[in-house]
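Before reading on, please take a moment to look at the sequence and the model together. The paragraphs below are meant to be read with both in view.

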Amino acid sequence: MTAPALLEVRDLTVEFSTRRGVVQAVRHVDIAVARGETLAIVGESGSGKSVTSFAVMRILDRAGRIAEGSVRFSGIDLGGADEAKMRDLRGREIAMIFQNPRAALNPIRKVGQQIEDVLRQHAQAASDAAAKAIAILEQVKIARPKERYHAYPFELSGGMCQRVVIALALACRPQLLIADEPTTGLDVTTQKAVMDLVVELTRERGMSSILITHDLGLAATYCDRVVVMQNGRVVETAQSKQIFTSPAHAYTRKLMRATPRSGVTLRELLPEERLNGETPHSVKSPAKLNGACKAAGANRAPLLVVEKLLKEYPRKGLTRSWFGNLLGRNQPPAEQLPTVRAVDGISFSVHRGESVGLVGESGCGKSTTSTMVMRLIDQSDGSINFDGQDIGAIPAKKFARLPLRKRIQMVFQDPTDSLNPRFTAARAIADPILRLGDIRGRQAVRSRCEALARQVGLPLELLDRFPHQLSGGQKARVGIARAIALDPDLVILDEPTAALDVSVQAVVLNLLQDLKEQLGMSYLFVSHDLNVVRLLCDRVIVMQAGRIVEEGPTERVLFAPEAQYTRDLLAAIPHPPV
Amino acid sequence: MTDIAAGKPQAHATGLAATISHVRYVLGDNRVTAFAFGLFVLIVLAALFGPLIVPYDALASNTSVALKPPSLSHWFGTDQLGRDVFSRVIVATRLDLLIAIASVALVFLMGGLAGVAAGFFGGWTDRIVGRIADTIMAFPLFVLAMGIVAALGNTVQNIVLATAIVNFPLYARVARAEANVRREAGFVQAARLSGNGEWRILLGHILPNIMPIMIVQMSLTMGYAILNAAGLSFIGLGVRPPTPEWGIMVAEGAAFMVSGEWWIAFFPGLALMVAVFCFNLLGDGLRDIVDPQRRT
């Protein structure tokens with residue numbers, strides 16, 4: 001770094017004025033980006049990483065302001081620049097890619113026109129705008145760019161939309177690209193394709209880029225240098241190799257530890273101090289005995305047997321007449337209706353006390369499978385046998401009030417969405433007990449809730465809070481407590497940690513493992529993250545396009561995959577330099 | 001700032017205290033809302049204690065002081081029968097407010113529940129409720145209300161019913177939209193797993209979540225309900241003279257406008273305007289209070 005830095009952030013402090021006074025989101029941050037360098041800013045939610053980038057772009061919302069420090073971009077003082085100057089710089093000199101590509105594109109304009117808009121805005125094109133837009137689409141490796149020029153965002157997949165957003169960002173050949181969680185919400189294979197593209201294009205053009213992410217592995221794989229932020233401060237800046245081999249700061253070490261990666265066990269994810277002390281959940285309890293009894297039946301018949309499970313959905317908008325639509329009668333005889341098979345005749349089984357991982361990318365049918373097993377939707381064909389009873393024959397609508405309901409429960413993906421905003425934590429946990437449990441009386445239900453809260457490590461004083469007063473990890477614990485309230489035999493975990501920070505994820509995964517051992521439950525773990533599945537599951541089922549492509553013991557599938565698709569999935573996981 | 005799974009002690013006020021402090025914050029933050037709340041309290045006081053505090057009997061005529069302009073003894077003047085306009089305006093508050101509240105409660109029960117069911121169940125329920133709402137919307141609403149009262153009979157109950165029916169589509173649509181977005185929400189699925197039947201989910205899980213929006217809707221339509229009831233009385237349907245009611249008083253006073261006795265129609269009209277204005281402002285303020293985004 002002999003040349004002067006392209007972007008130099010010095011002593012930056014950003015304040016937000018809120019109801020409870022002024023909050024400093026970013027405190028005295030120094031960041032420098034050299035020309036042609038790729039820098040990563042890594043941190044968990046609330047670390048101030050996004051706010052820093054918003055301050056650089058000067059797009060803080062009205063409550064926020066730069067309180068101290070300076071932002072200099074190739075000699076220009078961005079902190080003092082007026083709005084007209086900033087408008088000119090944004091897009092032309094500094095471009096930004098946001099997390100949700102669909103939200104970043106205008107839904108009612110063709111993607112090609114949107115690229116043209118950017119070009120015209122910065123006077124980079126006039127009559128040749130359309131041709132230039134198509135050329136840019138080609139550069140971001142969109143197949144058939146001439147056709148795709150006329151596509152609307154909803155006609156493109158998530159990964160494709162992100163490519164269009166990248167095309168928009170790079171259209172005017174900016175010198176600096178800021179990517180704010182560009183691949184969160186995308187599948188691993190898509191993530192790899194998008195990141196490879198970003199790195200290739202920025203290298204080719206000699207651009208600098210800043211990658212903002214919560215994923216240390218992704219940062220270290222694709223960036224030259226990594227800045228680690230915590231609570232609005234920079235705690236460590238180092239070359240990415242160094243971050244992985246010898247992290248200097250305690251927080252970086254904690255973050256590194258908590259990141260699921262190959263070669264570590266579930267317990268090793270927890271912070272060091274937690275390992276030495278006794279884990280709060282491993283205390284002997286009557287439930288443990290109960291669990292042992294259940295586990296003893298491991299060699300008996302499997303708990304869940306799914307055979308030739310099939311789910312078809314009618315393909316929309318093909319055979320409807322306008323008149324039929326008007327009357328709401330749009331159903332021609334079922335056999336003539338063209339259908340999409342979300343789940344295409346899959347068979348698998350789950351034994352007692354076993355954890356089975358169901359892995360695949362979005363749209364592979366893993367969630368549809370789990371909701372059918374859960375009896376929330378009806379299958380089109382096939383059978384679901386649970387402990388000898390054909391629960392597939394019971395319509396989903398009737399299943400809710402049957403005693404069998406108690407034995408199959410679920411932990412949802414988004415802890416916020418799955419809690420009723422108007423129920424306190426205690427009320428949420430008590431709901432299944434009130435409806436299906438055999439505990440009666442206010443006092444008894446309350447003490448059961450408290451016992452469950454202790455079991456999942458939720459402080460009792462939080463029981464009377466509403467979901468919006470709880471943190472993500474606390475909400476996840478409430479969701480887990482609710483799922484185990486009726487002492488179920490099978491729990492389906494639908495990406496239970498996808499919405500959580502890595503350090504929280506580590507704790508929650510360990511909690512799930514402890515609970516399984518204590519209560520002798522079986523898990524069906526639905527996830528897209530192979531690293532997480534490896535930690536928790538005995539057996540893995542890999543799904544693609546509604547079918548099972550590979551099935552077997554976790555170690556075998558992950559270390560000696562047979563199917564090409566499994567190999568692709570494994571290769572797409574970021575492999576940081578070690 | 002960082003979320004810690006184990007939960008650190010946070011100073012959160014809970015329950016009633018939090019609600020009161022939040023209301024105080026919104027009122028302090030927005031003077032207009034505070035003003036609307038003040039007006040609302042005045043209107044409610046007038047409705048509750050009006051007949052006890054007014055200086056004259058609202059029905060007693062005294063022809064010796066007929067058609068007197070506003071003065072110290074008769075603040076709003078007197079009408080053609082010598083009745084005190086001020087007393088009549090205040091006493092009328094109770095009847096007008098009662099009609100409005102009753103009709104809003106009725107339409108909430110009909111439209112709100114039908115809308116929630118339509119949004120949650122979809123299918124035939126949705127189609128039927130939707131078509132009913134469309135049909136009602138196809139009429140000029142005031143003419144429809146007139147028709148209903150004329151057909152069913154000239155009573156206060158029928159005014160309430162007619163006002164409720166013309167407001168039905170507003171409630172049904174808002175409730176339907178709100179229930180529809182929550183239909184597949186995680187907490188609804190979770191409620192199914194907990195063994196809740198569909199109706200229990202509808203009433204116990206979905207309805208409480210859309211209540212804040214419905215309350216705002218109720219406040220906003222309250223003003224319209226008052227106007228509608230007064231309008232019906234104005235054209236001679238519903239409440240009959242000599243009962244003090246704002247609509248009738250405006251109607252009676254209108255005849256004297258040309259001869260210069262403006263106060264007979266002006267003051268009840270003003271009361272009507274203030275009431276409608278108050279409920280509309282209140283609706284905006286309530287939205288701020290119940291909006292969870294502002295409650296952090």
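What follows looks at confidence, then at chain B, and then at the contact between the two chains.

Because this is a predicted model, a careful reader begins with the confidence values, and for chain A the mean pLDDT is 83, with 90% of the residues reaching 70 or more. One stretch of chain A, residues 276–298, has a pLDDT below 50, although in the model this stretch still has 30 contacts beyond its near neighbours in sequence. Where pLDDT is low, the predicted coordinates should not be read in detail.

Turning to chain B, you can count 10 helices and zero strands, so that reading along the sequence gives the pattern α-α-α-α-α-α-α-α-α-α. The C-alpha trace of chain B spans about 80 × 50 × 25 Å along its principal axes, and of the 296 residues in this chain, 43% are buried. If one takes the contacts in chain B with a separation of 6 or more, 70% of them join residues that are 24 or more positions apart.

Which elements of chain A give two or more residues to the side that touches chain B? The contact as a whole takes 42 residues from chain A and 27 residues from chain B, and on the side of chain A the elements in question are β16 (408–411), α17 (425–436), α19 (472–484) and α20 (502–519). The residues on this side of chain A are of mixed character, for they divide into 14 nonpolar, 15 polar and 13 charged.

Methods:
Residues are numbered from 1 along each chain as its sequence is written. Chains are lettered from A and ligands numbered from 1 in the order in which they are written. This is a predicted model: local features need pLDDT of at least 70, side-chain atom pairs count only at pLDDT 80 or more; totals for chains, interfaces and linings use all residues. pLDDT is the predictor's confidence in each residue, from 0 to 100. Two residues are in contact if their C-beta atoms, placed from the backbone, lie within 7 Å. Helices (H or I, at least four residues) and strands (E, at least two) are DSSP runs, numbered from the N terminus. A residue is buried if 20 or more other C-beta atoms lie within 10 Å of its own, exposed if 12 or fewer, and partly exposed in between; C-beta atoms are placed from the backbone. Ala, Val, Leu, Ile, Met, Phe, Trp, Tyr, Cys and Pro count as nonpolar, Asp, Glu, Lys and Arg as charged, and the others, Gly among them, as polar.
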